[in-house]
Protein chains: 4
Amino acid sequence: MIHSMITRVRYAETDQMGVVHHGNYALYFEMARIEWLRQIGVSYKEMEESGVILPVVNMTTNYHYPLEYDDQITITTRLVKLPTASMVFHFEIFNENKKLCSSAEVTLVFLDHQSRKPMRCPVELFELIKTVAA
Amino acid sequence: MIHSMITRVRYAETDQMGVVHHGNYALYFEMARIEWLRQIGVSYKEMEESGVILPVVNMTTNYHYPLEYDDQITITTRLVKLPTASMVFHFEIFNENKKLCSSAEVTLVFLDHQSRKPMRCPVELFELIKTVAA
Amino acid sequence: MIHSMITRVRYAETDQMGVVHHGNYALYFEMARIEWLRQIGVSYKEMEESGVILPVVNMTTNYHYPLEYDDQITITTRLVKLPTASMVFHFEIFNENKKLCSSAEVTLVFLDHQSRKPMRCPVELFELIKTVAA
Amino acid sequence: MIHSMITRVRYAETDQMGVVHHGNYALYFEMARIEWLRQIGVSYKEMEESGVILPVVNMTTNYHYPLEYDDQITITTRLVKLPTASMVFHFEIFNENKKLCSSAEVTLVFLDHQSRKPMRCPVELFELIKTVAA
């Protein structure tokens with residue numbers, strides 16, 4: 001399953017080069033994977049409230065072409081493999097002319113919020129993901 | 001007591017107008033009042049850990065002259081009145097040419113972190129502030 | 001004319017108080033007035049490209065009630081008076097329970113991008129605004 | 001030459017996990033390489049004004065251990081190889097307990113600001129870097 005969402009570049013996300021600052025791409029990827037989860041029926045907010053957090057442990061971003069203020073961008077999200085103690089997502093960002101502007105891979109780990117100890121992907125989430133991956 | 005601190009404008013704080021984005025001034029004022037507290041011997045971090053938080057309830061900012069990337073700016077902090085259930089700070093930002101670029105007033109309230117209920121300024125903090133204000 | 005837009009609070013917009021950081025409200029108001037302009041037929045992007053910029057000179061924000069991660073918030077935008085050399089907007093933010101969380105007033109000035117000199121509101125923009133205000 | 005700088009984590013850089021949001025590490029690395037340049041006698045601001053910009057084309061970040069609000073962090077910067085049409089930096093972030101919290105590699109390319117065309121590292125910069133690398 002490839003999930004795709006559209007958002008618009010905010011003015012504040014640019015810097016004086018006249019394009020989106022590279023640090024802000026992390027925000028786009030974060031929005032996209034939260035919407036990916038929502039689409040398969042999972043609220044990340046509720047997951048956190050239930051005591052499971054998903055911090056990022058690795059992010060690799062390629063910047064192919066600049067994003068500009070007011071661009072309506074499309075972010076695609078794809079899960080790279082079935083989750084274990086970690087989840088790996090692949091993202092792509094396209095501008096209005098369907099040009100590939102960025103691709104990225106982000107690895108997150110499941111942590112118990114209280115103890116900050118690693119844990120495996122919760123069973124219900126794993127089952128949901130297996131269904132959409134099938 | 002007027003506290004004064006120096007910091008340098010980060011590239012990421014600019015936007016495509018080529019100057020610091022107006023939303024980032026809030027970060028400068030926040031740094032400045034945390035350093036003001038540190039100077040009178042108070043760690044805001046420890047205050048939060050002890051269960052007292054200080055959210056902003058009003059912020060009024062005047063933008064007189066743009067701040068530029070790489071500017072070494074001076075932020076002055078002055079307490080407007082002795083704290084009660086709230087604290088009111090006045091800030092000014094000067095650029096390297098000593099030009100007044102921004103002035104602001106920020107009101108924060110003391111809240112019990114757990115209950116989110118308003119409370120009065122903790123006694124020890126009040127006494128510390130009275131000393132420097134005398 | 002009161003314009004209203006809906007957006008969702010991003011995870012990155014929160015801070016360790018567990019609510020949206022006060023500095024990020026500026027981003028919501030900025031999005032809202034750009035959408036207000038778009039609705040009356042004006043692209044702020046094209047306005048900048050034509051050499052007219054609209055920096056903020058005053059922003060007064062009241063924080064009534066915290067915004068939380070994942071909240072779908074409604075931002076209303078209202079022009080306070082017909083534009084002259086400046087524009088004054090009034091904003092309100094409501095959370096999903098229709099609770100008023102923030103109100104703000106923002107003043108922007110028309111500047112010639114090249115010279116950074118103040119100028120009056122461009123005639124075509126003024127006429128468009130008069131129409132919707134009538 | 002390994003350059004090292006110290007900065008303090010700002011409150012606004014945290015998120016509701018209670019640690020620094022992963023997107024903000026890009027800002028630390030950016031500050032660090034600008035200070036690295038300053039130390040060898042190069043102002044990135046002047047480089048941009050002379051028409052050469054250095055956008056990021058790849059950033060790979062590993063998050064080993066969380067950074068917390070108010071931590072005084074040390075960021076080390078090392079150039080991976082002599083610059084050609086690109087520059088590659090390696091960064092590490094340590095917290096106050098000298099724990100390695102993050103490591104990253106960032107690749108930037110030299111672009112002519114006007115034409116946005118790639119170019120080789122300016123000769124004077126190359127000579128300066130060769131000296132410190134020797």
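Hi everyone, let me start with a helix. H1(A) has 15 residues, and from its first C-alpha to its last it reaches 21 Å, close to the 21 Å expected at 1.5 Å a residue. Before I go on, please keep in mind that this is a predicted model.

So which residues of H1(A) are buried? Quite a list: Tyr25(A), Ala26(A), Tyr28(A), Phe29(A), Glu30(A), Ala32(A), Arg33(A), Ile34(A), Trp36(A) and Leu37(A). You'll notice that Glu30(A) and Arg33(A) are on that list of buried residues. And what do they pack against? The partners of the buried residues of H1(A) are helix H2 (44-49) and five strands of chain A, namely S1 (2-8), S3, S4 (72-79), S5 (86-94) and S6 (100-109).

In terms of orientation, H1(A) lies across S1, S3, S4, S5 and S6 of chain A and runs at about 130° to S1(A). After the helix comes Gly41(A), with a positive phi near 100°. If you have chain D on your screen, look at helix H1 (residues 25-39) there: H1 of chain D lies across S1, S3, S4, S5 (86-94) and S6 (100-109) of chain D, at about 130° to S1(D).

Now, the sheet under those helices. Strands of a sheet pair through backbone hydrogen bonds, either parallel or antiparallel. Here 10 strands form an open sheet, and the pairing is antiparallel. Reading across, the order is S1(A)-S4(A)-S5(A)-S6(A)-S3(A), and then on into chain D with S3(D)-S6(D)-S5(D)-S4(D)-S1(D). Which strands stand at the edges? They are S1 of chain A and S1 (2-8) of chain D; each has a single partner strand, so one side of each is left without a neighbour in the sheet. From one strand to the next, the twist averages 15°.

Let me zoom in on the chain D end. S1(D) pairs with strand S4 (residues 72-79) of chain D in the antiparallel sense, over seven bridges. To find your place there, Ser4(D) stands opposite Thr76(D) in S4(D).

Moving to where the two chains meet: S3(A) and strand S3 (residues 56-63) of chain D pair in the antiparallel sense over five bridges. One residue to click on is Met59(A), whose bridge partner in S3(D) is Thr61(D).

How many residues does each chain bring to this contact? Chain A gives 15 residues and chain D gives 15 residues. On the chain A side, helix H1 (25-39) and strand S3 (56-63) each supply at least two residues. The largest share, eight residues, comes from S3(A). By class, the side of chain A that touches chain D has nine nonpolar and six polar residues, and no charged ones.

That brings me to symmetry. Chain A superposes on chain D by a rotation of 180° with 0.0 Å of shift along the axis, at an RMSD of 0.0 Å. The C-alpha of chain A nearest that axis belongs to Thr60(A), 2.1 Å away. The same surface serves both copies, with 100% of the contact residues of chain A recurring in chain D.

And then there is chain C. A rotation of 180° with 0.0 Å of shift along its axis puts chain A on chain C, again with an RMSD of 0.0 Å. That is the relation of a two-fold axis. For this axis, the nearest C-alpha in chain A is that of Thr7(A), 5.1 Å from it. Here too the same surface serves both copies, and 100% of the contact residues of chain A recur in chain C.

Thanks for listening!

Key. Residues are numbered from 1 along each chain as its sequence is written. Chains are lettered from A and ligands numbered from 1 in the order in which they are written. This is a predicted model: local features need pLDDT of at least 70, side-chain atom pairs count only at pLDDT 80 or more; totals for chains, interfaces and linings use all residues. Two residues are in contact if their C-beta atoms, placed from the backbone, lie within 7 Å. Helices (H or I, at least four residues) and strands (E, at least two) are DSSP runs, numbered from the N terminus. Ala, Val, Leu, Ile, Met, Phe, Trp, Tyr, Cys and Pro count as nonpolar, Asp, Glu, Lys and Arg as charged, and the others, Gly among them, as polar. Two strands pair if DSSP finds at least two bridges between them. Copies are superposed by least squares on the C-alpha atoms of residues with pLDDT of at least 70 in both. The expected span of a helix is 1.5 Å times one less than its number of residues. A residue is buried if 20 or more other C-beta atoms lie within 10 Å of its own, exposed if 12 or fewer, and partly exposed in between; C-beta atoms are placed from the backbone. Axes are lines fitted to C-alpha atoms, for helices over the stretch in contact, and angles run from 0 to 180 degrees between N-to-C directions.
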